[in-house]
Amino acid sequence: MARPSYRTYGSAGYASSAHAHAHDPGASIWDEVMAGARNITRRAWAYGHGRGRQTAWNFAVKAGHQFRRNLVRHRLVSFPHLLVGLWVLVLLWGESWTFASKVNSCDWDHWEDWPPGATPHRLVFVADPQLIDPHSYPGRPWPLNPLTMRITDNYMRRSYIQVQKILHPDTVMFLGDLFDGGREWKTAYGDFEDPEWAKGHRPADEKKYVKQWNKKYGEKYWLKEYARFGRIFINNWIWGGTIPAPFQRGRKLISSLPGNHDLGFGAEVKVPVRHRFSAFFGETNRVDVIGNHTFVSVDSVSLSADTSKMKDQVDLRAIFQPVNDFLVDAKATKRRAVQKELRFWRGEVEEIALEHKVDELETADYSNIPTIDPGEDAPDFPTILLTHVPLYREPGTPCGPMREHWPPAKPPKGQTGPVIPDHRNAISVSGGYQYQNVLSDEDSIKLIKSIGNVIHVFSGDDHDYCEVVHSPEKENVPEITVKSFSMAMGVPTPGFQMVSLYNPVDDQGKPPPSSSGHTLQTHLCLLPNQLSMFINYAILGVLSITILVARAFLVPLLNLQPFALEPIYSAPSAVLPVFKAKADADDEDEPERDSISSATSASNLPSARFASPRTTRSHSLSQSAQGRNGVPSPYSASPKNKAKTSKTGPGKWGWAQNRGPRIQIRRDTYYDSKLRGDDGWRPASARRKTGFTIVTAEIWTSCWRVVWMVVGFYAWLTWRG
């Protein structure tokens, strides 16, 4: 027979094997990486087909066994699981159902008051969604900022979906501040740096982040934020349906009005940032005819540069001149838009059909160019002005009872009107870096006069509701500042403004003689108070833990069904074979002892594991005959049993015949003492648990079960959106 060969140190085979694992000085970094990857792969493969497979199998078996133990009826309908069911209902209410309930309470039929048969155009204003981003809470650690973004996005998404599903608005218009840090994210083109005269204007807590923002958050990040805005508002707009209401041209979504967080304010507006915003959202100054009303949107944050203190020191025409040009032509633009709308309803082409001819440049007649503008005497629709920043009002002008920050001051006895001035209930007439709470008085009058026929103004920026009627210089026009749609804007109860428009006209745009002249109705719809909901969660959490702890103390007192499972004890494996002859006569009367004795093995004793066979055999026989301390063992063979034993055949596994070595199976002392009636030692699995142990295990098990199931369900709701 061939003898195996062995490689020794220094042999050729050993050298080649060692050389295979030696470092090659000529190898490249890529070769080293690939060699390391192959080595790791081989080790992982070997582990997966060896110990890893066994470990995974053992884990799966234990997990399956534990899962089966949890599927019994008394576990499934246990008190902790009933408490989890209560939490599921509370979370579904707080994270989903409450949004539908709130929006449903604002249904159009609940507050509209039009003549029978009216077909109003229904519009919703959304103000200051102001998507949370790194600019919102600079320096906040990583897990908190993304979590805040996710929670606030979910709040707006759920609210907006219910607005579309339940209210089906014909038009949705945004009033600016779509982003929180939109003005801070660097553009791909143009001069984005702060001008020298403005570098000291930033707050101290922002200055240290400017370089980081310019380096990390640029055009790509802004585009991601634009897509994020689209996922919340534009994608979910379809929930309102694609078919317009009767006698409406179609459904619209307009989000081109910028805010100071989108562009900046006044002299510090950056033109490249405005170009980027208008490229994706549309013209910042525009005229829309909706529901036989003319909506004029004005970029008031850029307009404010014309009245800023820096106007005489720096050339700001690039910022404010486009707005001024728009206002100069605003009335003519309005008339043209109205004529296009009337042409549509008359079934005509909206634009003028021009004659196709060639004229010489020197002889062409420019005095008689065809236009759709019928002139200043043409009928005009009621005009609604949209501006992100509210119009000017005297300091202390009260905002009314629906303002959440501060209710109106209580008037003195005998006074029927509101207290004026009421500074707590009013919008503060002040400003700061990149913001101004109200426009200047000059710009406010300019807007009203330039646009003309303004019957109502809607604005944003303040985040809370405010309703005022302006001075005669502003033609006594009413203005509503719309609540923020976001839960993170410092106002506990967000909301949105509902507007119902009904202005019947003939084919020339003139209202019928029976018209009352009242063509607009509004309603403030409040959304859920998420902060209050979180407080409710905290209260329920404290009550849940208190109830579980109280129940844990009652389990041993009232002998209730414990929720904690008994630990799994696995019997130790035997080294020597366990054998017992067929049941003796006395053993037939003691089935309990026979059933238990098989669980004990001599392998548990160190002397049995390592003693020599001869010593083990003699020790076993002597122990069998004498018992402990010289007392005859009750299990030793009696004369009667000896006769029976002598008749037995060969031992199992061929161990001797009648006198072969056998292993005495020792009964557990616990069961021996139980038969004797005394209180001896007991194994851990059979010891009676103390009350403290039961209570502790019950508190931990039940609380942990409720916590991970509730937190997991909330995490799923948060991830799902």
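A cavity is a set of points, on a 1 Å grid over the protein atoms alone, where a 1.4 Å probe fits but cannot get out; its lining residues have an atom within 4 Å of a point. Grid points are joined across faces, edges and corners, and a volume is the space filled by probe spheres set on the points.

The model is predicted: local features need pLDDT of at least 70, side-chain atom pairs count only at pLDDT 80 or more, and totals for chains, interfaces and linings use all residues. Residues are numbered from 1 along each chain as its sequence is written, and side-chain values use heavy atoms, with hydrogens and water left out.

**Exercise 1. Describe the second largest cavity and its lining.**

Step 1. The count comes to 5 cavities of 30 Å³ or more. The second largest holds about 70 Å³ of space.

Step 2. List the lining: Glu95, Phe99, Ile151, Asn154, Tyr155, Arg158, Gln530, Phe534, Tyr714 and Thr718.

Step 3. Assign elements, where helices (H or I, at least four residues) and strands (E, at least two) are DSSP runs numbered from the N terminus. Two or more lining residues come from each of helix H5 (79-104), helix H6 (144-167), helix H16 (530-558) and helix H23 (691-720). H6 gives the largest share, 4 residues.

Step 4. Sort by class: Ala, Val, Leu, Ile, Met, Phe, Trp, Tyr, Cys and Pro count as nonpolar, Asp, Glu, Lys and Arg as charged, and the others, Gly among them, as polar. The lining then has 5 nonpolar, 3 polar and 2 charged residues.

**Exercise 2. Find the largest nonpolar core and the residues with the most contacts inside it.**

Step 1. Fix the terms. Buried means under 20% relative accessible area, exposed over 50%, and partly exposed in between (1.4 Å probe, protein chains only). A nonpolar core is a set of buried Ala, Val, Leu, Ile, Met, Phe, Trp, Tyr and Cys residues joined through side-chain atoms within 4.5 Å. In the chain of 721 residues, 40% count as buried.

Step 2. The largest nonpolar core has 69 residues, and Val298 and Phe496 have the most contacts inside it.

Step 3. Take Val298, with contact meaning heavy atoms within 4.5 Å. Leaving out residues up to four places away in sequence, Val298 touches Leu257, Thr284, Asn285, Val323, Phe326, Leu327, Leu385, Leu386, Thr387, Leu447 and Ile451.

Step 4. Another core, of 19 residues, lies apart from the largest; Ala127, Phe458, Ile480 and Leu524 are among its members.

**Exercise 3. Which parts of the chain does the salt bridge between Asp380 and Lys334 tie together?**

Step 1. A salt bridge is a side-chain nitrogen of Lys or Arg within 4 Å of a carboxyl oxygen of Asp or Glu. By this rule there are 31 salt bridges.

Step 2. Asp380 and Lys334 meet at 3.3 Å, N to O. Asp380 lies in the loop between helix H14 (330-346) and strand S6 (383-387) and Lys334 in helix H14, so the pair ties together parts 46 residues apart in sequence.

Step 3. Check exposure: Asp380 is partly exposed at 31% relative accessibility, whereas Lys334 is buried at 2%.

**Exercise 4. Is Asp306, the partner of Lys311, buried or exposed?**

Step 1. The closest N and O atoms of the Lys311 and Asp306 salt bridge are 2.7 Å apart.

Step 2. Asp306 is buried, because its relative accessible area is 14%. Lys311, at 36%, counts as partly exposed.

Definitions and conventions. 1 Å grid on protein atoms, 1.4 Å probe; cavity = no way out; pocket = protein on both sides within 12 Å on 5 of 7 lines; lining within 4 Å.
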